[in-house]
Structure formats: structure tokens, C-alpha cells
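Me: I would like to learn how to read a few features from a structure. Can we take them in turn?

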Amino acid sequence: MPKRSKSKTAQRLASDDQRLPPKQSRVKHSSPPSSLCFHSPVSLFESLIQPMGTEQFFQEYWEKKPLHLQRSDSSRVSYFKSLFQLSDLQNLCSRGLDYYRDINVVRCISGKKKLLNKEGRVKSSVLLKNLVQNKATIQIHQPQRFKDELWKIQEKLECFFGALVGSNIYITPQDSQGLPVHYDDVEVFILQLEGEKRWLLYSPTVPLAAEYSVESEERIGRPTHDIILKAGDLLYFPRGIIHQASTPAGVDHSTHLTLSTYQRMSWGDLLMDILPSLLSDGSSNDISLREGIPRRLLLGISEGLDTRRRLASALRCLAGQMESEMLEARSTNLKRDFIMNRLPPYNQQLLTPSEKIPVLKDTVCLRYKDHMVITVEPSRERSGLQFPLSHLQAIRQLQQADHLAVAQLQLPTEEAKLNLVIALWSESLLDVL
């Protein structure tokens with residue numbers, strides 16, 4: 001039987017690195033039919049960017065340039081509005097929301113962000129007063145905690161990208177702007193839910209930026225795009241694209257959803273993640289990496305061409321061994337962060353084992369394959385369900401097959417086959433067909 005990790009439950013990170021409480025109970029409301037397809041992560045993304053095709057999007061736009069999709073069909077407009085609207089605020093505030101953790105009240109004044117938060121619990125009457133009288137923007141952190149449909153969207157997108165997806169709701173009154181000119185370190189998808197929002201986009205000063213930064217209007221030049229987003233529209237732009245957004249005069253208010261992903265997911269981030277284990281494994285096999293550095297090198301006395309050559313030679317050697325598969329490139333922190341902080345399957349709270357305990361003659365299939373990550377790690381680094389290495393091939397069989405007879409599992413004994421499927425069944429990860 002497997003061993004379950006005893007590591008502490010990790011909580012999801014917001015885009016501004018604030019720790020957030022887990023998903024809360026919520027009141028369900030009737031909603032219009034979804035204009036998105038939740039059959040699979042791929043179908044969800046395809047329906048999100050319709051009529052653009054997925055292949056065209058990644059070839060022409062992803063990490064390259066902005067995309068504005070205008071969709072005015074009534075079904076999509078109604079569905080987007082059901083995701084979140086101004087009238088939801090009163091019900092939301094009745095659940096015990098706090099300033100800073102759950103909600104920020106902000107306004108851009110003279111090119112700077114002014115925070116108008118109070119202390120403690122949020123009252124809807126105070127929020128609406130700020131919206132109307134102070135022309136402030138209401139920013140709601142990680143709203144999927146309160147809206148099931150948003151949770152479903154983000155969960156599927158995390159499966160599609162293989163990366164965490166964050167979200168914020170912004171409600172801005174007419175003739176007002178919430179945030180100053182800035183760029184982000186995430187890929188951004190904007191869904192316009194209510195009203196209209198004017199977006200000015202500018203060429204990046206730091207393409208594919210790795211950090212968030214505010215930019216001065218003197219540096220940004222003329223906008224490359226001047227876009228009015230209307231209900232049902234989608235706007236995408238890569239990290240590093242400078243932008244600002246405001247609600248036009250004459251529009252009562254704007255509500256939009258920001259979905260963001262690919263924070264710290266670059267090749268450089270992956271290299272920083274794998275190099276420690278790569279060097280550790282390489283040093284155990286190569287005596288030259290275990291030889292001492294020159295005397296007084298750390299004092300800056302022996303630096304020079306020979307040191308640089310020696311380091312470059314060692315890196316080339318490691319690269320060659322990795323390319324020839326003598327060394328394995330193992331992601332540790334990136335993968336662990338994703339696994340521990342991603343959203344669980346939407347209806348996880350309803351999970352119970354199927355009524356029938358699997359036996360040798362049964363045919364079975366895995367649940368939630370999109371959420372399964374198989375890793376081979378030292379026992380001290382493991383999280384989740386743990387199995388002996390001898391079970392790896394059998395687990396991959398289950399992962400790759402639509403359904404499989406228990407007797408066909410590649411394990412040496414009938415007892416081992418039954419132990420594996422019962423362990424998965426008891427965790428509600430296996431259906432008996």
C-alpha cells in the first residue's frame with residue numbers, strides 16, 4: 001500500500017504574493033448556459049479564444065503581441081456577465097471578506113496608485129460609496145474562491161498550461177482609472193464582463209518581463225493599441241506589455257476578469273530549478289567537479305581567464321551528459337510549487353470511492369488524469385501518494401489507457417496488482433467499470 005505524505009497543506013498564492021484562505025462555501029445561483037466547453041482542458045481553451053484557433057494563437061500571438069477578440073453574441077455576453085457582476089458585491093461581502101487579503105480599493109491619481117482600504121471586514125455599502133463618490137476601483141483577489149464557474153475555468157486552464165493561473169476582478173466607475181501605467185510578469189487574458197473598458201497598450205521596455213514594474217508616462221511613447229473592450233470581448237497580451245485601462249465617460253461602470261499565468265515559467269527559471277540537482281548528480285560521477293577551487297579565489301585574488309574556462313568547461317560537460325541522457329534534468333521546486341498550489345478538481349468535495357471494490361477480473365480507469373503528475377524522487381522529497389519504483393510501469397499503464405483490466409497490470413504478482421488498484425480506489429482515484 002502507498003504512503004501518504006505528511007507535508008503541510010500549501011495555500012494558493014495570489015498575483016501580489018498574499019497568502020489566501022482556501023475555497024469557501026458558496027450559495028449557488030442559476031446561470032445561463034455556458035459558452036465555454038469544459039469537456040477537456042484543450043476544449044476549454046479553444047472555446048475561450050473562439051473564433052481564433054489554438055495553433056494560430058500560439059504561433060502568432062503567444063509571448064509575441066496582443067490579441068483583441070470581439071464577440072457580441074448574446075449567449076456569450078450573458079454568460080460572461082454571470083461570472084461576476086456589480087450586483088454580486090452585497091452577497092459576497094456577507095461572507096466575511098477582509099481588506100487587503102480579499103479586496104483592495106484603489107484609484108490612479110496623477111499617475112500613482114492610491115490605496116483606499118479600510119481596516120478589518122469589508123462592508124458592501126462602503127465599497128459602493130467608494131465606487132460612486134470616490135471613483136475608486138474595487139479589486140477582488142482570486143474570486144474563484146467564491147464563484148464555482150470561475151473555479152471550473154481556472155482549474156481547466158491550469159491543466160491546459162501546466163502552470164498556476166491567478167485571477168482578479170476589477171470594477172471601475174465611469175471616467176476613472178484604478179491602476180497606473182505598468183507592465184506585468186504574467187501572460188494576461190482579460191474577459192470583459194460588464195460595461196466597457198478602454199485599454200491603451202505600449203511597446204515593452206522589457207520584453208517578456210520577469211518582474212512587475214510601474215512605468216512613467218515620459219518613457220512609454222505613443223500607444224500601439226487603443227482598444228475599447230465590450231461585454232463578451234477578450235483581450236490577451238504578453239508579459240512586459242505596458243498598459244493602462246480606464247472606464248470611458250458615459251459608461252456606468254466596467255467589470256472585467258483578469259486571468260494570468262506563466263509567472264516564473266521561463267527557460268531561465270527552469271535552469272535555476274534543475275541546476276542544483278544536475279550539479280549534485282554530476283559531481284557524484286565526475287571527480288573534476290569535486291576538485292578544490294584555487295586558493296584565495298573567493299577573495300578575488302585568483303579570478304581570471306583560467307577560472308572562467310574551467311567553469312565553462314564544466315558546464316559544457318554537464319550539458320553533454322544531460323543531452324546524452326547520462327544525467328536527468330529534474331524540476332524540483334517549480335513542479336512542487338505547481339502541484340501544491342494548483343486548484344483541485346472542481347467537484348473534489350463530492351469524491352467518494354465507487355461502490356464496488358476492484359477485484360482481479362475487473363476493468364478499471366483512473367479519475368482526474370489531468371491532475372496526475374508522476375515523479376520519481378528520493379523518499380525524503382516525496383509528496384502525495386507514494387509507491388515503490390517497481391509500480392511505475394503499471395501506474396503509467398493506467399494513466400495512458402482509457403480503461404484497463406486489473407489482470408493486465410505489469411506487476412509480478414496478483415497481490416501487487418490488487419494492492420495498487422485498491423490503494424487508488426480508496427483515495428477515490430479509480431473507477432470500477
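Reply: The turns below go through an arginine, a sheet and the cysteines of this predicted model.

Me: Where is Arg 342 placed?

Reply: Arg 342 sits in the loop that runs between α10 (333-341) and β16 (363-366).

Me: How far is the nearest side chain of opposite charge from Arg 342?

Reply: A salt bridge requires a side-chain nitrogen of Lys or Arg within 4 Å of a carboxyl oxygen of Asp or Glu. For Arg 342, the nearest side chain of opposite charge is Glu 158, 4.9 Å away, and Arg 342 has no salt bridge although it is buried. A polar atom of the Arg 342 side chain does lie 3.3 Å from the backbone oxygen of Asp 370.

Me: What is the strand order in the open sheet of three strands?

Reply: The order is β18-β16-β19, and the pairing is antiparallel. β18 (404-405) and β19 (430-432) are at the edges with a single partner strand each, so each has one side without a neighbour in the sheet. Three bridges join β16 and β19 in the antiparallel sense. In this sheet region, Leu 366 stands opposite Leu 430 of β19.

Me: How many disulfides does a search of the whole structure find?

Reply: The search returns zero disulfides. Cys 37, for example, is in none, and the nearest cysteine sulfur, which belongs to Cys 159, is 14 Å away.

Me: Is Cys 93 buried or exposed?

Reply: The cut-off for buried is under 20% relative accessible area. Cys 93 has 9% relative accessibility, so it counts as buried. Cys 37, at 35%, counts as partly exposed.

Definitions and conventions. Residues numbered from 1 in each chain as written. Predicted model: local features only at pLDDT ≥ 70, side-chain atom pairs only at ≥ 80, totals over all residues. Heavy atoms only, no water. Helix = DSSP H or I, 4+ residues; strand = E, 2+ residues; numbered from the N terminus. Buried < 20%, exposed > 50% of the residue type's maximum accessible area, 1.4 Å probe, protein only. Lys, Arg positive; Asp, Glu negative; His and termini not counted. Polar contact = N/O pair within 3.5 Å; in protein donor to acceptor, adjacent residues only side chain to side chain. Pairing = 2+ DSSP bridges. Disulfide = S-S within 2.5 Å.
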